[in-house]
Amino acid sequence: MKGRLFHILVPVVSVLLGLLIGGIIMLVSNYNPISAYAALIDGIFGNGYNLGETIRAASPLILSGLAVAFAFRTGLFNIGVEGQLLVGWLASVYVGIHFDLPKVIHLPFAILAGAAAGALWGVIPGFLKAKFKVHEVITTIMMNYIALYTTNGIIRAYMLAPGERTKDIKESASLASPWLQQLTEFSRLHYGIVVAILAAVIMWFILWKTTTGYELRAVGFNQHASQYAGINVSKNIVLAMAISGAFAGAAGTMEGLGTYQYMTINNAFTGVGFDGIAVSLLGANGSVGIIIAALLFGGLKIGSLTMQSAAGVPTELVGIVIALIIFFVASSYLIRWLTNRFTKGGKI
């Protein structure tokens with residue numbers, strides 16, 4: 001079996017195994033897995049509202065998945081997507097509140113502001129990695145906490161409105177779409193899905209169709225060989241983290257300009273940035289795979305609410321299913337062994 005087909009089989013088999021073992025756990029816990037999964041599917045596709053919410057939830061997941069994937073493609077591990085998302089969220093909301101511009105200027109400006117803030121937050125660990133060889137996993141994790149408490153402090157000091165949040169952004173900076181909301185029975189679906197898909201195309205184009213992308217990938221494969229070939233390794237490390245952070249910051253704009261239209265004081269992480277790691281892993285770090293994986297994760301999260309109300313199954317069981325899917329993707333060697341067993345000649 002050729003490598004490309006194997007890369008497709010890994011996420012597919014992982015999802016099936018995750019659902020299967022999740023069903024077994026439900027049986028052991030005295031829940032009916034057939035009713036649970038039927039409710040889950042109904043919660044995703046049963047009506048326009050749920051479908052709209054699934055797509056809406058997938059928008060920031062796509063962008064956070066792209067952030068993780070871009071860094072991974074260049075040999076880096078960006079665990080700081082959550083923090084980059086938060087600063088991007090705040091920057092986009094700030095622009096949305098404090099500027100008075102025509103929508104054709106205001107909305108792109110707010111999105112770019114969020115992306116720029118995320119890029120800046122990504123540059124810091126990138127610089128530390130390039131200059132002082134500080135591992136990016138440690139610095140990006142630390143930057144998450146700095147982002148959480150810094151954004152909360154800025155809101156409390158300068159942007160606080162009743163309800164422990166900022167004021168609403170101006171309509172000219174909003175991604176909201178009355179047409180999409182009406183089409184999906186007044187869900188919170190907005191134009192962010194268009195931005196997310198466009199970002200996926202941009203990532204593919206940068207990595208595979210530009211000289212810069214070739215250099216970034218070369219540095220990821222082998223820094224020493226790249227340096228010998230005349231590529232500036234330090235510059236490309238910083239650039240890779242900046243672009244990765246920009247995708248993460250744009251994920252924050254999906255929340256600030258689309259779903260909520262404001263930013264709250266967060267007592268904990270949103271989880272969207274960390275979910276991006278799973279989305280990227282399941283999507284094999286490819287643009288198309290990430291879009292599909294994000295839709296799956298968004299559907300599981302939205303559908304789990306119906307599963308709880310209709311079948312009485314706790315939403316935590318969906319979290320277990322998601323964890324199992326990630327486990328099997330990470331254990332791709334197991335899937336290789338299974339496919340070997342059922343492939344003619346035992347060759348893969």
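## Exercises: charges, rings and packing

Aspartate 168 is partly exposed, with a relative accessible area of 45%. The scale has three classes: buried is under 20% relative accessible area, exposed is over 50%, and partly exposed lies in between (1.4 Å probe, protein chains only).

The model is predicted: local features need pLDDT of at least 70, side-chain atom pairs count only at pLDDT 80 or more, and totals for chains, interfaces and linings use all residues. Residues are numbered from 1 along each chain as its sequence is written, and side-chain values use heavy atoms, with hydrogens and water left out.

**Exercise 1. Salt bridges**

Find the salt-bridge partner of aspartate 168, then examine the other bridges.

*Step 1.* Fix the criterion. A salt bridge needs a side-chain nitrogen of Lys or Arg within 4 Å of a carboxyl oxygen of Asp or Glu.

*Step 2.* Apply it to aspartate 168. Its partner is arginine 165, at 2.9 Å from N to O.

*Step 3.* Look for shared partners. Glu53, Arg56 and Arg188 are joined into one network by such bridges.

*Step 4.* Scan the whole structure. The search returns six salt bridges.

*Step 5.* Take glutamate 171 and lysine 103. Their closest N and O atoms are 3.8 Å apart. The pair links distant parts of the chain, 68 residues apart. Lysine 103 sits in helix 5 (residues 103-132), and glutamate 171 in the loop between helix 6 (136-159) and helix 7 (178-183). Helices here are DSSP runs (H or I, at least four residues), numbered from the N terminus.

*Step 6.* Classify both ends. Glutamate 171 is exposed because its relative accessible area is 60%. Lysine 103, at 33%, counts as partly exposed.

*Step 7.* Turn to lysine 129 and glutamate 136. This bridge closes to 3.1 Å between N and O. Both residues are buried.

**Exercise 2. Aromatic rings**

Determine the geometry of the pair formed by phenylalanine 72 and phenylalanine 77.

*Step 1.* Choose the coordinates. A pair of aromatic rings is described by the distance of the centres and the angle of the planes.

*Step 2.* Set the cut-offs. Rings of Phe, Tyr and Trp (its six-membered ring) pair if their centres lie within 6.5 Å; planes under 30 degrees apart are stacked, over 60 edge-to-face, and the rest tilted. By this rule there are nine aromatic pairs.

*Step 3.* Read the phenylalanine pair. The centres are 5.6 Å apart and the planes meet at 70°, an edge-to-face arrangement. Phenylalanine 72 is partly exposed at 42%. Phenylalanine 77 is partly exposed at 40%.

*Step 4.* Next, tyrosine 260 and tyrosine 262. This pair is tilted: 6.1 Å between centres, 55° between planes. Tyrosine 260 has 34% relative accessibility, so it counts as partly exposed.

*Step 5.* Extend the set. Trp89, Tyr260 and Tyr262 form one aromatic cluster.

*Step 6.* Add the charge. Arginine 165 lies over the face of tyrosine 262, 4.0 Å from the ring centre. The rule asks for NZ of Lys or CZ of Arg within 6 Å of the ring centre and within 35 degrees of the ring normal. Arginine 165 is also the partner of aspartate 168 from Exercise 1.

**Exercise 3. Core and contacts**

Which residues have the most contacts inside the largest nonpolar core?

*Step 1.* Define the set. A nonpolar core joins buried Ala, Val, Leu, Ile, Met, Phe, Trp, Tyr and Cys residues through side-chain atoms within 4.5 Å.

*Step 2.* Rank the members. The largest core has 80 residues, and Ile62, Leu63, Leu66, Phe70, Phe247 and Met307 have the most contacts inside it. Helix 11 (residues 233-259) gives the largest share, eleven residues. Another core, of six residues, lies apart from it; Ala91, Ala117, Trp121 and Ala147 are among its members.

*Step 3.* Probe isoleucine 243, in helix 11. It is buried at 17%. Beyond four places in sequence, it touches Phe70 and Leu216 (contact: heavy atoms within 4.5 Å).

*Step 4.* Probe serine 280, in helix 12 (residues 272-282). At 1% relative accessibility, serine 280 is buried. Its side chain makes a polar contact with that of asparagine 285, at 2.4 Å. Such a contact is a pair of N or O atoms within 3.5 Å; within protein, one must be able to donate a hydrogen and the other to accept it, and residues adjacent in sequence count only if both atoms are side-chain atoms. Outside four places in sequence, serine 280 is in contact with Gly65, Val68, Ala69, Asn285 and Ile290.

Terms used. Helices (H or I, at least four residues) and strands (E, at least two) are DSSP runs, numbered from the N terminus.
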